[in-house]
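Got your viewer open and a selection box ready? Let's walk through this one stop by stop.

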Amino acid sequence: MVVVLQPVTLESNVHPVNPKCKPSPVLIPAVDLTDPDAKTQIVKACEEFGFFKVVNHGVRPDLLTQLEQEANKFFALSQSLKDKAGPADPFGYGNKRIGPNGDVGWVEYILLNVNLLLASTKTAAVFRQTPAIFREAVEEYMEEMKGISSKVLEMVAKELMIEPQEKLSELVKVKESDSCLRMNHYPEKDKTPAKEEIGFGEHTDPQLLSVLRSNDTEGLQICLKDGTWVAVPPDHSSFFVIVGDTLQVMTNGRFKSVKHRVLTNTKRSRLSMIYFAGPPLTEKIAPLSCLVPNQEDCLYKEFTWSQYKSSAYKTKLGDYRLGLFEKQ
Ligand code: GA4
């Protein structure tokens with residue numbers, strides 16, 4: 001099964017598509033995790049796009065509906081109530097400002113961390129503004145997302161013959177894993193005709209991988225290796241997996257962290273939930289030696305996840321964050 005992605009022609013494109021030639025659609029795999037061939041399809045997609053869709057994932061649909069409903073209720077609260085859980089530090093409620101370095105977008109969001117070891121007061125503030133059922137749904141959803149991300153990482157390890165085979169998935173499964181959940185609400189436009197606007201500017205995710213699910217409103221775009229942006233058709237019953245910088249480093253560049261962004265031009269609001277699967281803060285990140293038989297071919301210096309995170313928080317969204325960690 002594949003998903004057809006259409007190239008987009010926008011002023012903001014790095015390489016505008018030649019208007020004379022009709023851009024050809026791009027096919028990305030929709031992977032059924034129960035398919036015996038899934039691991040081969042995943043690795044191929046991670047090498048080619050850093051992105052794929054997951055179908056037949058086994059997450060109960062009513063959990064998705066419930067979490068989405070509760071999130072919508074939170075975003076429908078008055079501005080002053082939402083502001084009690086903000087400003088984002090990065091956890092908690094944020095409105096238009098993304099990160100600490102001046103990025104802005106047509107988006108409001110909550111970033112939640114439910115790991116008690118890394119508890120954040122702003123996450124607690126969000127839970128004070130929402131019913132207990134919201135927190136329960138968030139916790140269950142994060143467990144499900146941990147399951148999907150570790151399954152994907154297990155399959156990657158099998159296909160790439162990484163030893164020990166749990167090397168990647170353990171980073172997500174352990175209780176110290178620095179994973180978090182983001183809910184982005186892109187409000188509908190009242191202007192007619194609606195003007196296209198940056199909802200969330202282009203960036204790569206710093207973590208190992210991210211699992212994204214949205215309602216049926218379009219907006220997500222990914223950047224191909226040749227710089228073409230393609231629109232990802234929304235599908236509220238599937239998940240999209242996005243390769244992050246940390247997995248790029250551990251595979252010594254074999255997998256690419258994919259640049260992505262959200263443009264809003266719709267009259268319907270978009271709600272997305274993204275689980276960021278991060279390793280423990282003290283984990284040493286470096287290319288896996290089994291993937292780099294000759295040390296001279298090693299592209300990145302070793303760093304801890306905590307070092308990478310601090311360095312990422314000094315950058316702007318669209319910056320190339322791995323540059324500092326490349327070997328000369
Ligand atoms: C991008 C991926 C995740 O959404 C995030 C973002 C984080 C934030 O919003 O606080 C960052 C961004 C993200 C990378 C660079 C820095 C940090 C905003 C920003 C400008 C939560 C993350 O881990 O990194």
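Start with helix H4, and select its buried residues: they pack against strand E4 (92–98) and strand E5 (103–112). Keep in mind as you click around that this is a predicted model.

**Stop 1: the two sides of H4**

H4 covers residues 121–128, and its buried residues are Lys122, Thr123 and Val126. Color those three and look down the helix: they sit on the same side of H4, because they cover an arc of only 105 degrees around the axis. As a rule, an α-helix has 3.6 residues a turn, so residues three or four places apart point the same way. Now pick Thr121 and Arg128, which are exposed on the other side of H4.

**Stop 2: strand E6**

From H4 you've already met E5, so use that strand as your bridge to the next stop: E5 and E6 pair in the antiparallel sense over five bridges. To see one pairing up close, select Leu111 and look for Arg182 of E6 standing opposite.

Select residues 180–186 to get the whole of E6. Is this strand enclosed or open? Seven of its seven residues are buried, so E6 is largely enclosed by the rest of the structure. Try coloring the two faces separately: Cys180, Arg182, Asn184 and Tyr186 lie on one side, with Leu181, Met183 and His185 on the other, and both faces are covered.

E6 also pairs with strand E13 (residues 270–277), again antiparallel, through seven bridges. Click His185 and then its bridge partner in E13, Leu271.

**Stop 3: the nonpolar core**

Next, show Ile42, Phe51 and Val241. Of the 81 residues in the largest nonpolar core, these three touch the most other members. The element that gives the most to this core is helix H5 (residues 132–160), with 11 residues.

Zoom in on Phe51. Which residues does Phe51 touch, leaving aside those up to four places away in sequence? They are Ile28, Ala45, Ile222, Phe240, Val241, Ile242, Val243 and Val258. Val241 turns up here as a contact of Phe51.

**Stop 4: Glu197**

Finish at Glu197, in strand E7 (residues 197–203). Glu197 has 15 other C-beta atoms within 10 Å, which makes it partly exposed. Leaving out residues up to four places away in sequence, Glu197 touches Trp106, Leu263 and Thr264. For a last click, draw a distance between the C-alpha atoms of Glu197 and Asn265: they are separated by 6.3 Å, although the two residues are 68 residues apart along the chain.

Conventions. Residues numbered from 1 in each chain as written. Predicted model: local features only at pLDDT ≥ 70, side-chain atom pairs only at ≥ 80, totals over all residues. Buried ≥ 20, exposed ≤ 12 C-beta atoms within 10 Å, placed from the backbone. Helix = DSSP H or I, 4+ residues; strand = E, 2+ residues; numbered from the N terminus. Arc of directions from axis to C-beta. Contact = placed C-beta atoms within 7 Å. Core = buried A, V, L, I, M, F, W, Y, C linked by C-beta atoms within 7 Å. Pairing = 2+ DSSP bridges.
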